[in-house]
Amino acid sequence: PEEKILLSDFQVPALYPGESDNISVTIFNTGATAEYVEMNVLPPAGWSIFPNSFSLTLPAREYFGSRLKVTLSDSVKAGTYPIIVKLKYQYLHLIY
């Protein structure tokens, strides 16, 4: 199936233990119809991300940009960590 919802601009800054910063994220609907989109972000242990989930109705060929605040605990060790992002979407049949 064709991917209608794209996630881009997910830029995570370099952080040290105890620091906070913002992650930029953009969701784009490439399809010809509105889609109901749910996004869930699963941070690694010792990290917190807020908001870690949200939902929205995204019109056809439109985008939504947001910032998520990421905070590392003081106990996080130096390294590279994966952030899991789950996107679910479904077609919306709009009645006018």
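This report describes a three-stranded sheet, the largest pocket and one buried asparagine in a predicted model.

**The sheet**

The three strands form an open sheet in the order 5-3-7, and their pairing is antiparallel. Strand 5 and strand 7 are the edge strands, since each of them pairs on one side only. From one strand to the next, the twist averages 15 degrees. Strand 3 and strand 7 run antiparallel and are joined by eight bridges, and within this part of the sheet N40 stands opposite K86, a residue of strand 7. The residue ranges of the strands in this sheet are set out below.

| Strand | Residues |
|---|---|
| strand 3 | 35-42 |
| strand 5 | 53-58 |
| strand 7 | 84-91 |

**The largest pocket**

The largest pocket has a computed volume of about 170 Å³. Its lining is made up of 14 residues, of which L15, W47, L72, G79 and Y81 are the closest to the centre of the pocket. By residue class, the lining of this pocket divides into 11 nonpolar residues, two polar residues and one charged residue.

**Asparagine 29**

N29 lies in strand 2, which covers residues 20-29. Because its relative accessibility is 0%, and residues under 20% count as buried, N29 is classed as buried. The side chain of N29 reaches the backbone nitrogen of G31 at a distance of 2.9 Å, which falls within the 3.5 Å cut-off for a polar contact between N or O atoms.

Key
Residues are numbered from 1 along each chain as its sequence is written. This is a predicted model: local features need pLDDT of at least 70, side-chain atom pairs count only at pLDDT 80 or more; totals for chains, interfaces and linings use all residues. Side-chain values use heavy atoms; hydrogens and water are left out. Two strands pair if DSSP finds at least two bridges between them. Helices (H or I, at least four residues) and strands (E, at least two) are DSSP runs, numbered from the N terminus. Axes are lines fitted to C-alpha atoms, for helices over the stretch in contact, and angles run from 0 to 180 degrees between N-to-C directions. On a 1 Å grid over the protein atoms alone, a cavity is a set of points where a 1.4 Å probe fits but cannot get out, and a pocket is an open set with protein on both sides within 12 Å along at least five of seven lines; lining residues have an atom within 4 Å of a point. Grid points are joined across faces, edges and corners, and a volume is the space filled by probe spheres set on the points. Ala, Val, Leu, Ile, Met, Phe, Trp, Tyr, Cys and Pro count as nonpolar, Asp, Glu, Lys and Arg as charged, and the others, Gly among them, as polar. Buried means under 20% relative accessible area, exposed over 50%, partly exposed in between (1.4 Å probe, protein chains only). A polar contact is a pair of N or O atoms within 3.5 Å; within protein, one must be able to donate a hydrogen and the other to accept it, and residues adjacent in sequence count only if both atoms are side-chain atoms.
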